[in-house]
Structure formats: C-alpha cells, structure tokens
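Reader: I'd like a close look at one part of this protein, in a single connected answer. Please start with how you decide that two rings pair, and go on from there.

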Amino acid sequence: MVNKVVLNDFELTVSNYKEKKMKSNKTETYLTLVSFEFEVSGGEEYHVVTKFLYENVFDVSIPNKQLNFRGKINQYSTSYTDFSDENSISEFFLELKEVE
C-alpha cells in the first residue's frame, strides 16, 4: 500500500493511490499516470502547499514501489475550506502524468 509520495523533496502522506500506464500520443511508449489524495491544514500549511504545486512539473518518487519519473500535473482539485483557519482541513486530489 502506497502512503507516501515525494515531489522534488516535498513529502506527502497520501491515500487512495492509483497507478496506471497509458500509451503516449507521440510515441509507442507507455507513460506512468498516478493519482492520490492528501490532506492539508488551513493557514500557513495551505499556502505553502498551493504555492509549491504552482511549479507544475516535479521529480516524482513513490518509495514503496521504487518508482521514479518526471511528472506534470494532469488534474488537481481541492475541497472547500476556510483557508485562513489553521484548524480546518482541506482534501486535495492530484493526478500526475509522466512527461515525455
């Protein structure tokens, strides 16, 4: 079971991890597509995470699977929460696609 994903050096504790291979639109190769959810507290933590995700392309590491690739955000969403409230929790969904 995958419960940790590392983007660059930013470690996330994740749930609902899914992984699949999809055929490239440009070549005959197959690319990795991973998705997962993670929780973020409001306030400063929310600001740090959302600012980090603006980088859009990351060195992706899935330690439990010995899987490493360069990935780009394919889909991203977050639940509504009071972002200024340090005690609120927001659920993030992130899907990353291997770049060619």
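Author: Happy to. Rings of Phe, Tyr and Trp (its six-membered ring) are taken to pair if their centres lie within 6.5 Å; a pair is called stacked when the planes are under 30 degrees apart, edge-to-face when they are over 60, and tilted otherwise. Please keep in mind that this is a predicted model.

With that rule, a search of the whole structure turns up six aromatic pairs. One of them joins Phe-10 and Phe-52: the ring centres are 4.5 Å apart and the planes make 15 degrees, so this pair is stacked. Because Phe-10 sits in strand S2 and Phe-52 in helix H1, the pair ties together parts that are 42 residues apart in sequence. Phe-10 counts as partly exposed, at 23% relative accessibility, whereas Phe-52 counts as buried, at 12%.

Phe-38 and Phe-92 also form a stacked aromatic pair, with 5.1 Å from centre to centre and 20 degrees between the planes. Here Phe-38 belongs to strand S4 and Phe-92 to strand S7, so the pair ties together parts that lie 54 residues apart in sequence. Phe-38 and Phe-92 are both buried. Ring pairs also link Phe-38 and Phe-92 with Phe-36, Tyr-46 and Tyr-76 into a cluster. Leaving out residues up to four places away in sequence, Phe-38 touches Leu-12, Thr-13, Val-14, Val-49, Leu-53, Ser-90, Glu-91, Phe-92 and Leu-94.

What lies around those rings? The largest nonpolar core has 23 residues, and Phe-36 and Phe-38 are among those with the most contacts inside it, along with Val-5, Leu-7, Leu-53 and Leu-96. S1, S4, H1, S5, S6 and S7 each supply at least two residues of this core. In soluble globular proteins, nonpolar side chains tend to be buried together.

Now for the sheet that carries several of these elements. Seven strands form an open sheet with antiparallel pairing, in the order S2-S1-S5-S6-S7-S4-S3. Strand S2 (10-13) and strand S3 (15-23) are the edge strands, each pairing on one side only. On average, and ignoring direction, neighbouring strands are turned by 35 degrees against each other. Helix H1 (residues 44-53) packs on this sheet, where it touches strand S1 (4-7), S2, S4, strand S5 (57-62), strand S6 (67-78) and S7; the direction of H1 makes about 160 degrees with that of S4.

Let's stay with S4 and look at its two neighbours. S4 pairs with strand S7 (residues 89-98) over nine bridges in the antiparallel sense. In this pairing, Ser-35 stands opposite Glu-95 and Glu-39 stands opposite Glu-91. With S3, S4 again runs antiparallel, and seven bridges join the two strands. Ser-35 of S4 turns up here too, standing opposite Lys-18. S3 and S4 form a hairpin, with six residues between them.

Thr-32 is another residue to pick out in S4, which spans residues 30-41. Is Thr-32 buried or exposed? Its relative accessible area is 2%, and since buried means under 20%, Thr-32 counts as buried. The side chain of Thr-32 makes a polar contact with the side chain of Lys-21, at 2.6 Å. Apart from residues up to four places away in sequence, Thr-32 touches Glu-19, Lys-20, Lys-21, Leu-67, Phe-69, Leu-96, Lys-97 and Glu-98.

Phe-69, one of those contacts of Thr-32, leads us on to S5. Phe-69 lies in S6 and stands opposite Val-60; S5 and S6 run antiparallel and are joined by six bridges. Along S5 the side chains alternate: Phe-58, Val-60 and Ile-62 point to one face and are buried, while Val-57, Asp-59 and Ser-61 point to the other face and are not. Ser-61 is also the bridge partner of Val-6, in a pairing where S1 and S5 are antiparallel over two bridges. The hairpin of S5 and S6 has four residues between the strands, and there Gln-66 takes a positive phi near 50 degrees.

Definitions and conventions: Residues numbered from 1 in each chain as written. Predicted model: local features only at pLDDT ≥ 70, side-chain atom pairs only at ≥ 80, totals over all residues. Heavy atoms only, no water. Buried < 20%, exposed > 50% of the residue type's maximum accessible area, 1.4 Å probe, protein only. Polar contact = N/O pair within 3.5 Å; in protein donor to acceptor, adjacent residues only side chain to side chain. Contact = heavy atoms within 4.5 Å. Pairing = 2+ DSSP bridges. Axes fitted to C-alpha atoms, helices over the stretch in contact; angles between N-to-C directions. Core = buried A, V, L, I, M, F, W, Y, C linked by side-chain atoms within 4.5 Å.
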